[in-house]
Amino acid sequence: MTDTTPGTKGADTLTRLEQEGEIAADYLEGLLDIADLDGDIDMDVEADRASVSIIGETNSRDLQKLVGRDGEVLEALQELTRLAVHRETGDRSRLMLDIAGFRAQKREELAKVGASAAEEAKSTGQPVKLDPMTPFERKVVHDAVAVAGLRSESEGEEPQRRVVVLPA
């Protein structure tokens, strides 16, 4: 008989996410070795998803190559890492990858964009349409808008999907 108490379910989820992080870390370590790049790997569980970061020396230009222009290479590496996890576990992964603090910095910038758009929607009483964003970027903006006490929604089709901040 399986124990399905909330505490056990949470522990099972945490164990599964930690396993995802371990698989991802192994995959990324192999990638760094192949590319002959230096970087330390940090794993965590944040908001019900595994989070893996590749951290290098400050101003490491080598790791910037793995970020690419506007994070394009980072996005591709995240998808490849998710596929590696899926291959091992058989489960779809929502793992988040950060390299050289790119996503952390981007998250701060996007939170400001969301807060600013919320203020504009409050003051004008009009919806505010933002530029197209990736799913990660939209999620950060939606969260910032919610913190500001407003609602937002996404509209459009990828890759032109955007956040619209709605007035109260």
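pLDDT is the predictor's confidence in each residue, on a scale from 0 to 100. That matters here, since what you are looking at is a predicted model. Start at the N terminus: over residues 1-6 the pLDDT stays under 50, and the model gives this stretch one contact beyond four places in sequence. Where pLDDT is low, the predicted coordinates should not be read in detail. Elsewhere there is more to go on, with a chain average of 91 and 93% of the residues scoring at least 70.

Now for the overall layout. The chain has five helices and six strands, and if you walk along the sequence they come in the pattern α-β-β-α-α-β-α-β-α-β-β. Measured out along the principal axes, the C-alpha atoms fill a box of roughly 50 × 50 × 30 Å. Of the 168 residues, 33% count as buried. As for who touches whom, take the contacts between residues at least 6 apart in sequence: 56% of them join residues that are at least 24 apart.

Let's pick out the sheet next. It is an open sheet of three strands in the order 1-2-3, and its pairing is mixed. Strand 1 (40-46) and strand 3 (96-99) sit at the edges, each pairing on one side only. Ignoring direction, neighbouring strands in this sheet are turned by 20° against each other on average. Strand 1 runs antiparallel to strand 2 (residues 49-55), and the two are joined over seven bridges. To find one of the partnerships by eye, look for Val45, whose bridge partner in strand 2 is Ala50.

From the sheet, move to Leu97, which lies in strand 3. Is this residue buried or exposed? Leu97 counts as buried because its relative accessibility is 0%, and the cut-off for buried is under 20%. Setting aside neighbours within four places in sequence, Leu97 is in contact with Leu28, Val52, Ile54, Leu74, Leu77, Gln78, Thr81 and Arg103. Arg69 is 28 residues away from Leu97 along the chain, and their C-alpha atoms are separated by 16 Å.

Several of those contacts lead us to helix 3. Its buried residues are Leu74, Leu77, Gln78, Thr81, Arg82, Ala84 and Val85. Seen down the helix axis, these buried residues fall within an arc of 160°, so they line one face of helix 3. On the other side of the helix, Leu83 and Arg87 are exposed. The length of helix 3 (residues 72-89) checks out too: at 1.5 Å a residue, its 18 residues should span 26 Å, and the end C-alpha atoms are indeed 26 Å apart. After helix 3 comes Gly90, with a positive phi near 80°.

Helix 5 (residues 135-147) makes a nice last stop. Its 13 residues should span 18 Å at 1.5 Å a residue, which agrees with the 18 Å between its end C-alpha atoms. Which residues of helix 5 are buried? They are Phe136, Glu137, Arg138, Val140, Val141, His142, Ala144 and Val145. What covers them includes strand 3, helix 4 (102-124), strand 5 (151-155) and strand 6 (162-166). Just after helix 5 there is another glycine to look at, Gly149, which takes a positive phi of about 90°.

Terms used: Residues numbered from 1 in each chain as written. Predicted model: local features only at pLDDT ≥ 70, side-chain atom pairs only at ≥ 80, totals over all residues. Heavy atoms only, no water. Contact = heavy atoms within 4.5 Å. Pairing = 2+ DSSP bridges. Helix = DSSP H or I, 4+ residues; strand = E, 2+ residues; numbered from the N terminus. Axes fitted to C-alpha atoms, helices over the stretch in contact; angles between N-to-C directions. Expected span 1.5 Å × (residues − 1). Buried < 20%, exposed > 50% of the residue type's maximum accessible area, 1.4 Å probe, protein only. Arc of directions from axis to C-beta.
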